[in-house]
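Here is a friendly note to read beside the model. Please keep the sequence and the 3D view open as you go through the points.

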Amino acid sequence: DAAEAARLSPARLAPRSAVPLLVAVGADETSEFLRQAQIQWDAWPANRPAGDAAPLVVTARNHFSVVADYADPDSELTRRTLALF
């Protein structure tokens with residue numbers, strides 16, 4: 001149920017380190033996916049990559065298609081992921 005899912009959310013856990021975490025979500029997601037990405041971003045401020053002001057919202061993508069951006073070395077998702085290394 002929704003209460004159980006909320007209890008198990010990673011956002012409710014304390015991060016185990018301060019390594020940067022890219023929070024990315026497709027712009028064509030439901031409002032709930034977008035909300036959860038923001039909740040994760042807000043919950044772990046120490047894990048935000050330097051210079052990032054918000055979760056990455058990938059235009060014209062959903063949770064099935066967003067990974068296709070990794071095939072494009074010039075996509076923002078690829079660039080921001082590689083910047084974590």
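The points below cover the salt bridges and then a few single residues.

1. Before you start, please note that this is a predicted model, in which local features need pLDDT of at least 70 and side-chain atom pairs count only at pLDDT 80 or more, while totals for chains, interfaces and linings use all residues. Residues are numbered from 1 along each chain as its sequence is written, and side-chain values use heavy atoms, with hydrogens and water left out.

2. How many salt bridges are there? The count comes to 4, where a salt bridge is a side-chain nitrogen of Lys or Arg within 4 Å of a carboxyl oxygen of Asp or Glu.

3. A good place to begin is helix H2, which spans residues 31-43. (Helices are DSSP runs of H or I with at least four residues, strands are runs of E with at least two, and both are numbered from the N terminus.) Here the side chains of Arg35 and Glu32 form a salt bridge, with 2.7 Å from N to O. The two residues are 3 apart in helix H2, so about one helical turn separates them. Arg35 is partly exposed at 44% relative accessibility, and Glu32 is partly exposed too, at 33%. (Buried means under 20% relative accessible area, exposed means over 50%, and partly exposed lies in between, with a 1.4 Å probe and protein chains only.)

4. Next, look at Arg80 and Asp52, a salt bridge whose closest N and O atoms are 2.9 Å apart. Why does this pair tie together separate parts of the chain? Arg80 belongs to helix H3 (residues 76-82), whereas Asp52 sits in the loop between H2 and strand S2 (56-58), so the bridge links parts that are 28 residues apart in sequence. Arg80 is buried, with a relative accessible area of 18%, while Asp52 is partly exposed at 22%.

5. Please stay with Arg80 a little longer. Its side chain also makes a polar contact of 2.9 Å with that of Asp52. (A polar contact is a pair of N or O atoms within 3.5 Å; within protein, one must be able to donate a hydrogen and the other to accept it, and residues adjacent in sequence count only if both atoms are side-chain atoms.) Leaving aside neighbours within four places in sequence, Arg80 is in contact (heavy atoms within 4.5 Å) with Leu22, Asp52, Ala54 and Leu56. A network of salt bridges links Arg80 with Asp52 and Glu76.

6. Arg61 and Asp69 form another salt bridge through their side chains, at 2.6 Å from N to O. Are these two partners buried or exposed? Arg61 is partly exposed at 25% relative accessibility, and Asp69 is buried at 11%.

7. Ala60 deserves a look at its backbone: its phi is positive, about 60°, although Ala60 is not a glycine. You will find Ala60 in the loop between S2 and H3, partly exposed with a relative accessible area of 47%.

8. Finally, which residues does Gln40 touch, leaving aside its neighbours within four places in sequence? Gln40 is in contact with Pro10, Ala11, Leu21 and Val23. Gln40 lies in helix H2 and counts as buried at 13% relative accessibility. To get a sense of scale, compare its position with Ser75: the two are 35 residues apart along the chain, and their C-alpha atoms are separated by 23 Å.
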